Protein chains: 2
Amino acid sequence: MFVYAKDRPVEDLGGGVTRKLLAHDGGLMQVEVAFEEGAVGALHSHPHEQLTYVLSGEFEFTIGDETRIVRAGDTLYKKSGVMHGCRCLKPGVLLDTFTPQRLDYLQK
Amino acid sequence: MFVYAKDRPVEDLGGGVTRKLLAHDGGLMQVEVAFEEGAVGALHSHPHEQLTYVLSGEFEFTIGDETRIVRAGDTLYKKSGVMHGCRCLKPGVLLDTFTPQRLDYLQK
């Protein structure tokens, strides 16, 4: 039930993006995703609902047909199946939370 | 879908604890809870599953029969119905995520 940041490995996704899988159980999963300046989270969609909390940095985020700039403390909700993606304007970290869990993240 | 930190009011819960309701929709709700040193989140339980991400500070956290110290970047999963609570050792902020939404937080 307790997951310590120091115990979690960092996975290099390439393109200036790394991921750290945090606490996950039942219907919830939390993941940190770190971006270098200019790195891109390509537009994609999935059936999972998702919240994104901006931990640091600055991002241009697209959800559906809306594109906006977000910074630390801002939060974004993505409903099931909606297209979304981002571009990192200033290096930073996003905290993604999914329901249900992204089982594809556990299959590595 | 975009919720800006600057637009969200801070609710004083008393006892050195304040709360800021962030993005919430569908099956997810995110809330920042800020604690002064020594402030307590009394032991309680609810049917909602919950993740807690420690944004800052230091907390002594109890989940069920386990009590541990957590700091920035650490995450905690609380299953439905489990007793949990915390005591703030160094001032900081917790990010709580619930599924389903805490509808009681919307009734104010």
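These legends go with close-up views of a predicted model that has a chain A and a chain B.

**View 1. Chain B and chain A meet across a shared contact.** Let's start where the two chains touch. Chain A gives 35 residues to the contact, and chain B gives 35 residues as well. Putting the two chains together buries an area of about 3300 Å², and carbon and sulfur atoms give 64% of it. What about charged pairs? How many salt bridges does the rule find across this interface? The rule finds 0 salt bridges between chain B and chain A. Polar contacts, on the other hand, link 12 residue pairs between chain B and chain A, counting pairs with both residues at pLDDT 80 or more.

**View 2. Here is the side of chain B that touches chain A.** Several strands of chain B give two or more residues to this side, including β1 (2-3), β3 (17-25), β4 (28-35) and β6 (49-54). Further along chain B, β7 (58-63), β8 (66-71), β9 (75-78) and β11 (92-99) do so too. Which element gives the largest share? That is β6(B), with 5 residues. Sorted by class, this side of chain B has 20 nonpolar residues, 9 polar ones and 6 charged ones.

**View 3. A strand of chain A pairs with a strand of chain B.** Look for strand β1 of chain A, residues 2-3, beside β9(B). These two strands run antiparallel and are joined by 2 bridges. To find the spot, follow V3(A) to its bridge partner in β9(B), which is T75(B).

**View 4. An open sheet of 7 strands includes a strand from chain B.** You can walk across this sheet strand by strand: β2(A), β3(A), β4(A), β11(A), β6(A), β9(A) and then β1(B). The pairing is antiparallel. At the edges sit β2 of chain A and β1 of chain B, each of which pairs on one side only. Within the sheet, β6 of chain A (residues 49-54) is joined to β9 of chain A (residues 75-78) by 4 bridges. One place to look is L51(A), which stands opposite Y77(A) in β9(A).

**View 5. Two hairpins of chain B share the strand β3(B).** Begin with β2 of chain B, residues 11-14, which pairs with β3(B) in the antiparallel sense over 3 bridges. Here E11(B) stands opposite R19(B). There are 2 residues between the strands of this hairpin, and G15(B) takes a positive phi near 70 degrees. Next, β3(B) pairs with β4(B), again antiparallel, over 7 bridges. D25(B) has L28(B) in β4(B) as its bridge partner. This second hairpin also has 2 residues between its strands, and G26(B) in the turn has a positive phi of about 50 degrees.

**View 6. Strand β4(B) is mostly covered.** Of its 8 residues, 7 are buried. β4(B) is also joined to β11(B), with 7 bridges between the antiparallel strands. One pair to look for is V31(B) and its bridge partner D96(B) in β11(B).

**View 7. D7(A) lies in a loop of chain A.** This loop runs between β1 and β2 (11-14) of chain A. Why is D7(A) called partly exposed? Its relative accessible area is 48%, and so it falls between the cut-offs of 20% for buried and 50% for exposed. Lastly, find D104(A), which is 97 residues from D7(A) along the chain; their C-alpha atoms are separated by 21 Å.

How values were computed
Residues are numbered from 1 along each chain as its sequence is written. Chains are lettered from A and ligands numbered from 1 in the order in which they are written. This is a predicted model: local features need pLDDT of at least 70, side-chain atom pairs count only at pLDDT 80 or more; totals for chains, interfaces and linings use all residues. Side-chain values use heavy atoms; hydrogens and water are left out. Contact means heavy atoms within 4.5 Å. Buried area is the accessible area (1.4 Å probe) that two parts lose on being put together, summed over both. A salt bridge is a side-chain nitrogen of Lys or Arg within 4 Å of a carboxyl oxygen of Asp or Glu. A polar contact is a pair of N or O atoms within 3.5 Å; within protein, one must be able to donate a hydrogen and the other to accept it, and residues adjacent in sequence count only if both atoms are side-chain atoms. Ala, Val, Leu, Ile, Met, Phe, Trp, Tyr, Cys and Pro count as nonpolar, Asp, Glu, Lys and Arg as charged, and the others, Gly among them, as polar. Two strands pair if DSSP finds at least two bridges between them. Buried means under 20% relative accessible area, exposed over 50%, partly exposed in between (1.4 Å probe, protein chains only).
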